[in-house]
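Reader: I am new to this structure and would like a close look at a single part: the place where the two chains meet. Could you walk me through that part, explaining the terms as you go?

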Amino acid sequence: MSDTPSSEGLPKDAGHRLEELRNLFTSDLSVNEFLLIKEAGFHPLGFVMGSSIYHTGIQTRKWAKSQELDKLTEAMYNARELAMTRMEEEAQQLDADGIVGVRLDVNYYEWGSDSAEFIAMGTAVKAENGQSYRNKLGLPFTSDLSGQDFWTLMQTGYLPAGLVMGTCVYHIAHRGLAQTLSSVGQNVELPNFTQALYEARELAMTRMQDEAGRLDAAGIVGVRLEEKSHQWGSHTIEFLSLGTAVVRSGAEVTLPKPTTIISLDH
Amino acid sequence: MDDPSSRRNRIRDEVNRLEAGGFIGGPGRTSVTSDLSIDESLVLHAIGWEAVELVCGVSTYSIQGTLWNWGSGEIVSASMAHARALGDAVQKLRSECLGVLGHGVVGVHLEVSVERYLVNAVLVGTAVAPIAGGSPPAVPFVSDLSGRDFALLHQAGWDPVGLAHGASFVYAPRRRAMDTVRQSTQNVELTNYTEALYSAREGAMERMQRRASELGAGGVVGVTVSEGPMEFARHAVRFAAWGTAVRRSGRPAVLPPVELVIDLDDEQRAFDPASLRGSGL
């Protein structure tokens with residue numbers, strides 16, 4: 001067993017489950033989602049996942065300096081990429097057109113400090129009309145849209161191209177004693193905090209947009225911005241932005257007019 | 001520790017007592033106990049089915065002589081105990097269902113607890129049958145879908161055939177002391193842990209798939225996975241997966257057309273994509 005990270009190749013136990021998936025599909029879709037995906041002209045092939053347990057290194061931070069911790073950013077990127085790539089490989093093995101309902105999670109186990117499991121899972125789907133819906137890179141599309149969102153997106157003439165993300169681990173400087181004293185009892189903005197949070201978010205969003213650019217996407221829908229401190233203490237925060245890059249499908253669509261309802265069950 | 005078989009007998013006695021008093025079930029089905037909501041009962045009625053009775057299945061298996069923290073590979077005795085406990089509970093649920101002339105059980109709530117020396121499985125659900133009657137099938141289906149989901153699938157031309165489940169317990173190997181020291185400042189993947197988790201997941205999912213194939217299913221919907229560390233075994237990983245195996249019924253599928261609606265209620269809940277993921281059992 002080597003300890004060097006590699007993005008190629010699934011761990012050895014990954015293969016045979018998928019080989020058994022011939023006339024059977026598995027999916028974590030709810031019944032609603034399952035029926036909507038069928039309605040959109042896709043068939044679920046199998047529940048796919050990728051996972052990686054990753055040890056993050058150490059980086060020294062200066063108490064009074066706001067800065068990106070690039071070593072930690074790199075770790076968060078690498079680990080998620082490993083998990084995503086493995087999930088995509090499973091989907092490719094099933095000859096899928098895409099993966100819907102992707103969830104990215106981070107789990108902590110008690111085996112050791114500074115390590116965490118990064119896991120990506122979703123349901124691989126294939127178009128029933130035989131057409132290929134793979135993205136520009138020839139890979140199955142990935143998307144964190146639910147079955148409902150996927151159906152709605154298809155109605156509007158867009159197709160998901162890929163799940164895009166950007167991350168930035170940032171250390172926010174502590175305020176010095178003089179600064180703290182000078183603002184006691186006053187209404188003031190704390191510019192160093194504001195600026196640090198701004199910069200970190202901008203970095204994460206820019207990286208996400210770059211990923212979408214690589215897929216020639218027309219836009220990103222359903223963007224979420226998550227902030228987590230993981231196990232680094234309160235002044236070190238990971239900013240993670242996630243969304244689904246979409247491309248025009250080319251087909252001319254007329255959007256159905258939504259019906260308005262008032263439900264009586266309140 | 002409450003003995004499950006005596007607990008089950010006690011529940012059974014209670015139900016018998018109520019039945020004798022004419023409260024539930026019995027010939028003519030004067031009244032029914034079920035944990036279905038009013039909406040679900042209505043939807044079931046709309047497709048010509050009704051609830052018959054609340055049924056349960058309980059089973060406990062012991063895990064034979066296992067050292068939870070030292071070893072490598074799969075912890076076979078634990079995986080087997082898990083499979084047997086769940087399989088047995090399903091069996092009991094089925095026979096209770098047949099006892100009340102149900103054709104299947106919907107809305108099954110699964111509760112599986114793993115302790116150091118035993119696995120305990122408790123299944124509770126509502127037996128349902130077509131209003132038109134008819135003799136129940138030899139093997140009634142068991143499904144963790146809600147009554148609503150069952151009705152929707154039924155209309156779309158799919159039938160549940162049973163509960164597909166699988167579990168696997170695997171030792172997570174320790175790192176060598178040298179590696180731990182060397183890796184303490186690095187960004188690296190911990191390949192041995194990754195492989196242990198993979199092996200647990202794949203083992204469990206494979207078993208689930210095999211069970212679904214044995215049931216003659218075309219697929220498994222609503223797969224729920226449960227994983228995590230166990231308090232008594234820090235160096236072992238547990239992974240369990242279950243879902244409802246479904247099959248095309250051959251009846252013509254009538255899906256009501258999908259419509260876009262906008263809810264005009266003021267009290268909008270904040271949009272959370274995770275909430276669309278079904279009941280999230």
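Author: Happily; here is a walk through the contact between the chains, with a sheet and a helix that belong to the picture.

This is a predicted model, in which local features need pLDDT of at least 70 and side-chain atom pairs count only at pLDDT 80 or more, while totals for chains, interfaces and linings use all residues. Residues are numbered from 1 along each chain as its sequence is written, and chains are lettered from A and ligands numbered from 1 in the order in which they are written.

Let us start with chain A. Its secondary structure comes to 6 helices and 10 strands; helices (H or I, at least four residues) and strands (E, at least two) are DSSP runs, numbered from the N terminus. Of the 266 residues of chain A, 43% count as buried. A residue is buried if 20 or more other C-beta atoms lie within 10 Å of its own, exposed if 12 or fewer, and partly exposed in between, with C-beta atoms placed from the backbone.

Now to the meeting place. Chain A brings 59 residues to the contact and chain B brings 53 residues; two residues are in contact if their C-beta atoms, placed from the backbone, lie within 7 Å. Among the elements of chain A that give two or more residues to this side are strand S1 (25-26), helix H2 (31-39) and strand S2 (42-55). The most comes from S2(A), with 8 residues. By class, this side of chain A has 26 nonpolar, 21 polar and 12 charged residues. Here Ala, Val, Leu, Ile, Met, Phe, Trp, Tyr, Cys and Pro count as nonpolar, Asp, Glu, Lys and Arg as charged, and the others, Gly among them, as polar.

Next, follow S1(A) into chain B. S1(A) pairs in the parallel sense with strand S7 (residues 219-230) of chain B over 2 bridges, and Thr26(A) stands opposite Val220(B) in S7(B). Two strands pair if DSSP finds at least two bridges between them. This pairing belongs to an open sheet of 4 strands with mixed pairing, in the order S1(A)-S7(B)-S8(B)-S5(B). Its edge strands are S1 of chain A and S5 of chain B, each pairing on one side only. Helix H6 (residues 191-214) of chain B packs on the sheet, touching S1 of chain A as well as S5, S7 and S8 of chain B.

Within the sheet, S7(B) and S8(B) run antiparallel, joined by 9 bridges, and a hairpin of 2 residues links S7(B) to S8(B). In S8(B), Arg238(B) is the bridge partner of Gly228(B). On to the next strand: 13 bridges join strand S5 (residues 158-171) of chain B to S8(B), again antiparallel, with Asp159(B) opposite Arg247(B). Strand S8 (residues 233-248) of chain B is mostly covered, as 12 of its 16 residues are buried.

Finally, look at H2(A), another contributor to the contact. With 7 of its 9 residues buried, H2(A) is largely enclosed by the rest of the structure. Phe34(A), Leu35(A) and Leu36(A) are among the buried ones. The buried residues of H2(A) pack against S2, strand S4 (98-107), S5 and H4 of chain A, together with helix H4 (147-155) and S7 of chain B. So S7(B) meets chain A both in its pairing with S1(A) and in the packing of H2(A). After H2(A) comes Gly41(A), whose phi is positive, near 90°.

Definitions and conventions
Axes fitted to C-alpha atoms, helices over the stretch in contact; angles between N-to-C directions.
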